Amino acid sequence: MEDEDRLYRLNGIAHVAGYLEEEPSRVITAVRQQQNMPLHDRIIPYLETAGLYHLARLNSQWFWVDEALLSAFIERWRPETYTFHMPFGECTNTLQDVAYQLGLPIDGAPVSGCLTEFENLMEHGRPAWVWFRELFGELPPQSKVKQMTVCYTWFHERFRVLPADATDETVRVYARAYILMLLSSQLFADKNANRVHLRWLPYLASLDDLGRYSWGSAALAWLYRCLCRGTNRNVVNLAGPLQLLQSWIFWRFPSLRPTGFDRFRFPLASRWAEFVPRNDAGAQRLVSARLALDRLRIHDVSDLFVCDSCTSFSYMSLPHQTLTVSMQFVWEPYSSADVVAVIHLEILADEHRRLWTAVTSLIYFAAIEWHQVDRVLPQFGGVQHLPDVALNIDWLHAKDGRGGDRWFPTYYQEWHQLWENRHQSAIWVDRVLDPGPSADYLDWWCRVAHRFLSPDVAFQDPRPVVLTEEARHRGSSQAPPRVHVYDRPDNRRVVRRCRIGTRTTDREWREFADRLEQDVPGAEAADAVDYRVPRRRGRRPPARPDRRGAPDGGPFEQGDGTCHVPAEDVVGSASGMGQPTFDVGSSSQLFGNVSPYGFAEFTTAAVGIEIADPVTESEFYRDIADMLRDDDDTHYRPQMPEEHAQFSAQQPQSHDVQPQLAVDLNEPAVSPSDPWFALGGTPASAFNAVPAHPTAPAADHRPRRVRRPPLCGTGGHLLSQFDDDDSDTIENSD
């Protein structure tokens, strides 16, 4: 069984649940962007081939989210177990919910690859902007480009309406634009809500192969990552597929759903398309939602197959009044006859359905999460047993792909292999007529879990829970066998863990990049930037032109009016995903033995950054050295037991050690010449010392010219040919 310290190890670091007394009304802000592009009939076949047609149907209307309600659930989200901790047990979003709510395919290849370095990491890959012009026929203007992203407005203006006389190739171009916008807004939206990233170019290069990817597992991985970041008390914005999270709440908590939404169709998330939440008193509504979840008792959980009209009531005695609360959690909301009547059978195919109970990795590029369904078996009609110790992959939460591109299927090879073996990791669930937690589980949960977040004065404390008769009849069950995976704990500093995905790390990375730009010879002077304010309010230096005269990272226009992109003369055909790749070394091969202080001196000498100055007095730059030193294969090695003392004597002795020097520590240290002399004078040893005859330097010690690598603007030039450093945030997300 799992103890309390391991189960809530993040409470004392940065989890918002550990600071509710200081911040009782933290309401997060949802960062979302509507695609707002009409769906043409000639584009639908491409969406059906890609498995994204049902998601496109959800795009016809804007989905409003209740930020106060989502904030109450984020407080109960635990990154340690990937579940919501409720008074009655655990529950979470699973691959089954993704299939029913969004209609996405589950089985398939992982959504992975690289982010921008296509020509270096993919065989037959193309430079990003060369590939962009081949796929879309033109390049966006420079004002619409920022690094490797393009503004939404350019896609709206250019590809919103499909011409009536469009050719087949033109339809394919418009289909690529629609899919690109759909993925960037509905599924994988980040906090750059008004921009589209170019990471999808290899996928769009082959529209016929889009159907072989597991879009459902990638969407769930990104939702998990956003929820884990939202639990950080320093994070105030939330991105991701929030319509999936809110629809999951409304379907499983009938008392929290709005009234008047009884009719629905497939996908099930379309039921709440016209829902408009209140926009006032967000802090009060957060406190009310938190209290409503605290008042949810074990007796209020529905174990039966329920319809929408089913309601249960629980009566509680408060100090001064009697309150009737309509509260319920539904373990299996998709088993009602009304839901079965509208479900499309393709999501119930065996290759997709058997992965609903797979305990495996979830992959979305650099975001690696874990599908911990063995802790929520009642959601699949089973009895919840005493859970095994949850997998600790806190180290992976700091990995997001920024700070240096790489081929993620190779870098995260172990986790990709777990997904390849996903069918073997599916656990068997014995369905029962009365699903729910066992008596042993409830006894353990009531002793260990933090089931209540509201203060005790807000409601009568029901901690002495009497087990229900239904739970006693369920008995106890054993944990089903599953593939064992070693933990990947976060061995870095706790202070850095507190800053993962927060505005603090974004500010430090921006300052680091600007200081690198200031070191460029001949760079134009610019106003100082206040890094204490968000990036959109800071005064930025002008874009630094490259040797061709264009700003770095984007296309530029020549004198004759034609657009040109860097490395346009590279020949080859457009290639999709799944191609053989090149192996890129690890950054620790270069800085593996460099201490943080040594790296600080190197950074100061190379780019003029003073580690001890007031602005950068945090451990940020020393954390860079820690990341470079720890970023190697040792993270993938299992923790082995320490060597016993009786085996140490059997180890061979090393003779490559310098012998002990004949130094008497009782004698004071002496020097052949007195180092102290008056300012401007000459030491006495200079008159009697024998001058050394000048000799030619040895061949091995001749001075060599140190060539300085070109600056790239991101800090990657510090690694020479290795571009493998890590960062703390993803896509300027947090």
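Which helices and strands do the buried residues of H7 pack against? Keep that question in mind as you start the tour, and remember that you are looking at a predicted model.

**Stop 1: helix H7**

Select residues 128-136, which make up helix H7. Seven of its nine residues are buried, so the helix is largely enclosed by the rest of the structure. To see which ones, highlight Ala128, Trp129, Val130, Trp131, Phe132, Leu135 and Phe136. Now for the opening question: these buried residues pack against helix H6 (118-121), strands S5 and S6, and helices H8, H9 (168-187) and H10 (201-204). Before you leave, click on glycine 137, just after H7, where phi is positive, at about 85°.

**Stop 2: two phenylalanines**

Stay with H7 and pick phenylalanine 132, then add phenylalanine 155. Their ring centres are 6.3 Å apart and their planes meet at 75°, so this is an edge-to-face pair. Phenylalanine 132 belongs to H7 and phenylalanine 155 to helix H8, so the pair ties together parts that lie 23 residues apart in sequence. Are these two residues buried or exposed? Both are buried.

**Stop 3: a three-stranded sheet**

Next, show strands S5, S6 and S7 as a cartoon. They form an open sheet in the order S5-S6-S7, with antiparallel pairing. Strand S5 (145-146) and strand S7 (195-197) are the edges, and each has a single partner, so one side of each has no neighbour in the sheet. Strand S6 (residues 149-151) is joined to S7 by three bridges. For a landmark, select valine 150 and look across to valine 196 in S7, which stands opposite. Helix H8 (residues 152-159) packs on this sheet and touches S6 and S7; the direction of H8 makes about 60° with that of S6.

**Stop 4: helix H12 and leucine 69**

Move on to residues 242-252, helix H12, where eleven of the eleven residues are buried. Among them are Leu244, Trp248, Ile249, Phe250 and Trp251.

Now add leucine 69, which is found in helix H4 (residues 67-76). Its relative accessibility is 7%, so leucine 69 counts as buried. Which residues does leucine 69 touch, leaving aside those up to four places away in sequence? The contacts are Ile249, Phe250, Leu256 and Ala289. Try the distance tool on leucine 69 and isoleucine 249: their C-alpha atoms are 9.1 Å apart, although 180 residues separate them in sequence.

**Stop 5: aromatic rings**

Colour the aromatic side chains for this stop. Across the whole structure there are 52 aromatic pairs. One of them joins tryptophan 62 and tryptophan 64: the ring centres are 5.7 Å apart and the planes lie at 75°, so the pair is edge-to-face. Tryptophan 62 is partly exposed, at 27% relative accessibility, and tryptophan 64 is also partly exposed, at 46%.

Then select Phe73, Trp77, Tyr82, Phe84, Phe88, Tyr224, Trp248, Phe253, Phe329 and Trp331, which form one aromatic cluster. Trp248 may look familiar, being one of the buried residues of H12.

Two arginines are also worth a look. The charged end of arginine 271 sits over the ring of tryptophan 251, 4.8 Å from its centre. Arginine 406 lies over the face of tyrosine 411, at 4.2 Å from the ring centre.

**Stop 6: histidine 352**

Select histidine 352 in helix H15 (residues 350-353). With a relative accessibility of 13%, this residue counts as buried. Beyond the residues up to four places away in sequence, histidine 352 touches Pro105, Ile106, Asp107, Glu346 and Ile347. Zoom in on isoleucine 106: its backbone nitrogen lies 3.2 Å from a polar atom of the histidine 352 side chain.

**Stop 7: a hairpin to finish**

Finally, show residues 361-364, strand S13, which pairs with S14 in the antiparallel sense over four bridges. Leucine 362 stands opposite glutamate 369 in S14. Two residues lie between the strands of this hairpin, and phenylalanine 365 has a positive phi near 55°.

In a regular strand, side chains alternate between the two faces of the sheet. For S14 (residues 367-370), both faces are covered: Ala367 and Glu369 on one side, and Ile368 and Trp370 on the other, are all buried.

Notes
Residues numbered from 1 in each chain as written. Predicted model: local features only at pLDDT ≥ 70, side-chain atom pairs only at ≥ 80, totals over all residues. Heavy atoms only, no water. Pairing = 2+ DSSP bridges. Contact = heavy atoms within 4.5 Å. Axes fitted to C-alpha atoms, helices over the stretch in contact; angles between N-to-C directions. Buried < 20%, exposed > 50% of the residue type's maximum accessible area, 1.4 Å probe, protein only. Polar contact = N/O pair within 3.5 Å; in protein donor to acceptor, adjacent residues only side chain to side chain. Phe/Tyr/Trp six-rings, centres within 6.5 Å; stacked < 30°, edge-to-face > 60°. Lys NZ or Arg CZ within 6 Å of the ring centre and 35° of its normal.
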